[in-house]
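Subject: Structure handover

Hello,

I am passing on the structure below, followed by notes on what was found in it. Please read the notes with the structure open.

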Amino acid sequence: MLPSLLAQALSARISLLPLSSHAKTLRMSATRRSSRSLSSEAESPSSELDPTLDFQHLEPEKGCDVSDGEKRVYGRKKRAKRIIEVDGETAKEESADKKASGPIDIEDFAYHKINLSATSNGINISASFPANKRKSTHLSIKSKANVPANWEAVFDGIRKMRLAEDAPVDTMGCEKAGLSLPPKERRFAVLVSSLLSSQTKDAVTNGAIKRLSDKGLLDADAIVKSDEATIAGVIYPVGFYSRKAHYLKKVAEICLEKYQGDIPNSLNELLALPGVGPKMAHLVMNVGWNNVQGICVDTHVHRICNRLGWVSRPGTRQKTSTPEETRVSLETWLPRDLWDPINPLLVGFGQTVCTPLRPQCSSCGINQLCPAAFKESGSPNSKAKRSQK
């Protein structure tokens with residue numbers, strides 16, 4: 001009897017003792033608030049699930065002993081700032097862990113149900129933002145291309161100068177070859193003229209085309225039946241005439257075997273022909289097939305675009321080193337409807353005003369807009385211009 005009464009007394013006394021802070025902590029982790037109430041908040045219709053939440057990077061709160069099933073209750077996520085442009089204003093929005101998100105790109109906006117529509121100035125984006133971002137739901141993402149300042153004024157100024165004076169390209173360019181011939185024969189003549197034009201002035205190329213025509217050698221069948229020495233003698237003095245005679249024979253053979261005497265109608269097939277490069281292929285596609293797939297960039301276009309600061313090497317402000325680099329850079333921002341006319345426009349400008357040596361900057365109508373004006377060593381008045389500054 002005595003042990004039983006002693007046990008009851010000890011039990012009553014222990015129940016009246018105050019709990020320590022550590023005991024309270026352990027007790028709180030087992031309350032309904034830590035499981036049922038938070039779980040109900042997660043399932044509440046008013047709460048929104050953050051789609052950027054990375055559950056793999058959650059960390060348990062310190063002092064909480066939780067099971068795997070409770071980690072999402074006590075976890076906290078790391079955050080990184082996402083900066084976007086909303087109608088010209090900068091808005092900040094939280095995103096996932098830096099390790100998972102990386103640099104922002106267009107795919108990151110998928111969480112906001114973006115609708116894209118291409119425009120002439122870039123891309124318009126309509127989005128569904130959270131309530132605190134709904135003042136403006138239209139994003140405007142500008143083109144990544146570095147569009148040159150005042151390029152339209154420069155383009156218009158060059159056009160006006162070209163209208164005032166003819167250039168050799170206007171009457172003797174490759175596109176003038178075989179104008180009186182049927183379409184099939186004319187396409188072959190344009191291809192031959194383009195192949196001969198490399199490292200050769202328009203007047204010399206035009207003379208070689210006329211001689212080939214006079215001798216009946218301006219079609220694939222006739223060239224195949226002729227020998228290289230004869231062709232070389234006819235096209236002389238074009239640059240590298242012996243090598244070009246060899247190329248002409250090979251090109252004529254391919255055109256007869258694969259295209260029934262016509263020329264290829266695709267850019268890749270033209271580039272596969274011996275001696276044909278990107279400049280020639282784009283020119284032939286533009287003129288022969290009326291199919292503009294790219295800009296025809298020759299030495300004049302390459303030189304002038306760099307002088308105007310219209311092109312640069314990828315990721316830098318340095319000048320392009322090859323015509324092909326110039327073409328790629330120019331196509332990133334120049335409107336497509338100008339891809340065809342820009343070649344004869346700049347070629348003629350380069351033949352008459354913006355020449356390789358001693359450019360005529362003093363008589364150029366756009367010298368106030370050209371960053372290279374009066375800076376070429378051979379340019380007239382360049383020393384006087386520099387001394388005034």
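**Salt bridges**

There are six salt bridges in the structure. Please keep in mind throughout that this is a predicted model.

One of the six joins R187 and D262, with 2.8 Å between the closest N and O atoms. R187 belongs to helix α8, while D262 sits in the loop between α12 and α13 (267-271), so the pair ties together parts that are 75 residues apart in sequence. Both of these residues are buried.

Helix α16 (residues 323-331) holds further examples. E324 forms a salt bridge with R327, and the closest N and O atoms are 2.5 Å apart. These two are three residues apart in the helix, so about one helical turn separates them. R327 also meets the side chain of E331 in a salt bridge, at 3.1 Å from N to O. E331 and R327 are four residues apart in α16, again about one turn of the helix. Because partners are shared between salt bridges, E324, R327 and E331 join into one network.

The members of this network vary in burial. E324 is partly exposed, with a relative accessible area of 31%. R327 is buried, with a relative accessible area of 13%, and E331 also counts as buried, at 19% relative accessibility.

**Overall make-up**

The protein chain has 389 residues, of which 37% count as buried. Its secondary structure comes to 18 helices and five strands. Among contacts with a separation of 6 or more, 51% are between residues 24 or more positions apart.

**Nonpolar cores**

In soluble globular proteins, nonpolar side chains tend to be buried together. Here the largest nonpolar core has 35 residues. The residues with the most contacts inside this core are F188, L191, V192, L196, L212 and I235. Two or more residues each come from α8, α9, α10, α11, α12, α13 and α14 (278-288). Of these elements, α8 gives the most, with seven residues.

V192 gives a view of the packing around one core residue. Leaving aside neighbours within four places in sequence, V192 is in contact with I209, L212, L218 and L248.

Another core lies apart from the largest one and has 34 residues. Its members include F155, V301, W333 and V347.

**Helix α11**

Which residues of helix α11 (residues 228-235) are buried? They are I231, A232, V234 and I235. Seen down the helix axis, the buried residues of α11 fall within an arc of 165 degrees, so they line one face of the helix. The face turned away from that buried side carries the exposed residues A229 and G233.

The buried residues of α11 pack against four elements named here in order: α8 (183-197), α9 (202-214), α10 (220-225) and α12 (241-259). At the start of the helix, a side-chain oxygen of D227 comes to within 3.2 Å of the backbone nitrogen of A229.

**Cysteines**

How many disulfides does the model have? The count comes to zero. A disulfide would need two cysteine sulfur atoms within 2.5 Å. For C174, the closest cysteine sulfur is that of C296, at 7.9 Å, which is too far for a bond. For C305, the closest cysteine sulfur is that of C354, at 10.0 Å, also too far for a bond.

Are C174 and C305 buried or exposed? C174 counts as buried at 7% relative accessibility, and C305 is buried with a relative accessible area of 0%.

**N306**

N306 lies in helix α15 (residues 299-307). N306 counts as buried, at 10% relative accessibility. Not counting residues up to four places away in sequence, N306 touches V311, K319, T320 and T326.

Regards

Methods
Residues are numbered from 1 along each chain as its sequence is written. This is a predicted model: local features need pLDDT of at least 70, side-chain atom pairs count only at pLDDT 80 or more; totals for chains, interfaces and linings use all residues. Side-chain values use heavy atoms; hydrogens and water are left out. Buried means under 20% relative accessible area, exposed over 50%, partly exposed in between (1.4 Å probe, protein chains only). The arc is that of the directions from the helix axis to the C-beta atoms. Contact means heavy atoms within 4.5 Å. A polar contact is a pair of N or O atoms within 3.5 Å; within protein, one must be able to donate a hydrogen and the other to accept it, and residues adjacent in sequence count only if both atoms are side-chain atoms. A salt bridge is a side-chain nitrogen of Lys or Arg within 4 Å of a carboxyl oxygen of Asp or Glu. A nonpolar core is a set of buried Ala, Val, Leu, Ile, Met, Phe, Trp, Tyr and Cys residues joined through side-chain atoms within 4.5 Å.
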